[in-house]
Amino acid sequence: MKDYTDIIIAPVITEKSAIQAEKNVYTFKVAESANKIEIKNAIEAAFGVKVANVNTLNTKSKSKRVGRYTGKTKTYKKAFVTLQDGEKIEL
């Protein structure tokens, strides 16, 4: 079994994720190979909360340009974790 530090990379801190956190939905960057069950177990082990639902999303890279140099952003997997009522994560 993988350790939860191998699955959870970082929380996603944006205005949209802050608004969703008020509705008990938290957003995390997770490992590309992680599935929903592994993500659920990792969140429960790391924060000591009960998870109700996990939705995942593979982000696409975007083209970026700095002066004459072009490139692409990195792709990553994002997980939207819904907690059961009464549970909360302090980020």
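So, to start: which residue in S2 is the bridge partner of Ile-8? It's Val-30, and I'll use that pair as the way into the sheet.

Before that, the usual caveat: what you have in front of you is a predicted model.

Okay, the overall picture. We've got three helices and six strands. Reading from the N terminus, the elements go α-β-α-β-α-β-β-β-β. If you box up the C-alpha atoms along the principal axes, you get roughly 50 × 30 × 20 Å. The chain has 91 residues, and 27% of them count as buried. The exposed surface comes to about 6,600 Å², and carbon and sulfur atoms supply 51% of that. On contacts: take pairs of residues at least 6 apart in sequence, and 58% of those contacts join residues at least 24 apart. And for anyone thinking about electrostatics, there are 17 positive and 10 negative side chains, with the centres of the two sets 14 Å apart.

Now the main sheet. Four strands make an open sheet, ordered S1-S2-S6-S3, with antiparallel pairing. At the edges sit strand S1, residues 8-11, and strand S3, residues 51-58, and each of those pairs on one side only. Neighbouring strands here are turned by 30 degrees against each other on average, ignoring direction. Quick general reminder: strands of a sheet pair through backbone hydrogen bonds, either parallel or antiparallel.

Back to that opening pair. S1 and strand S2, which covers residues 25-30, run antiparallel and are joined by three bridges. Ile-8 with Val-30 is the pairing I opened with. Val-30 also has a bridge partner in S6, namely Lys-77. S2 and S6 are antiparallel too, with six bridges between them.

So how many of the six residues of S2 are buried? Five of the six, so the strand is largely enclosed by the rest of the structure. Let me zoom in on one residue of S2, Thr-27. Is Thr-27 buried or exposed? Its relative accessibility is 4%, and the cut-off for buried is under 20%, so Thr-27 counts as buried. If you look past residues up to four places away in sequence, Thr-27 touches Pro-11, Val-12, Ser-17 and Gln-20, plus Lys-78, Ala-79 and Phe-80.

Then there's the helix over this sheet. Helix H3, residues 36-47, lies across S1, S2, S3 and strand S6, which is 77-83. Relative to S3, H3 runs at about 125 degrees.

Next, the other pair of strands. Strand S4, residues 63-66, and strand S5, residues 69-72, run antiparallel and share four bridges. The hairpin has two residues between the strands, and that's where to look at the backbone: Gly-67 takes a positive phi near 65 degrees. Across the hairpin, Arg-65 has Thr-70 in S5 as its bridge partner.

Thr-70 is a nice one to hold up against Thr-27. Thr-70 sits in strand S5, with a relative accessible area of 66%, so it's exposed, the cut-off for that being over 50%. Setting aside residues up to four places away in sequence, Thr-70 touches Lys-64 and Arg-65.

Two loop residues to finish. What about Thr-14? You'll find Thr-14 in the loop between S1 and helix H2, which is 15-21. It's partly exposed, at 41% relative accessibility. As a distance to look up in the viewer, Thr-14 and Leu-57 are 43 residues apart along the chain, and their C-alpha atoms are separated by 16 Å.

The other one is Lys-50, in the loop between H3 and S3. Lys-50 is also partly exposed, at 47% relative accessible area. Who does Lys-50 contact, leaving aside neighbours within four places in sequence? That would be Glu-44, Leu-83, Gln-84 and Glu-87. And for a C-alpha separation here, Lys-50 and Asn-35 are 15 residues apart along the chain and 17 Å apart in space.

So, to take away: a four-strand open sheet in the order S1-S2-S6-S3, H3 lying across those strands, and the S4 and S5 hairpin with its four bridges. Happy to rotate the model if anyone wants another look.

Key: Residues are numbered from 1 along each chain as its sequence is written. This is a predicted model: local features need pLDDT of at least 70, side-chain atom pairs count only at pLDDT 80 or more; totals for chains, interfaces and linings use all residues. Side-chain values use heavy atoms; hydrogens and water are left out. Buried means under 20% relative accessible area, exposed over 50%, partly exposed in between (1.4 Å probe, protein chains only). Contact means heavy atoms within 4.5 Å. Accessible areas come from the Shrake-Rupley method with a 1.4 Å probe; for residues, only the protein chains shown count as cover. Lys and Arg count as positive and Asp and Glu as negative; His and the chain ends are not counted. The place of a charge is taken as NZ of Lys, CZ of Arg, CG of Asp or CD of Glu. Two strands pair if DSSP finds at least two bridges between them. Axes are lines fitted to C-alpha atoms, for helices over the stretch in contact, and angles run from 0 to 180 degrees between N-to-C directions.
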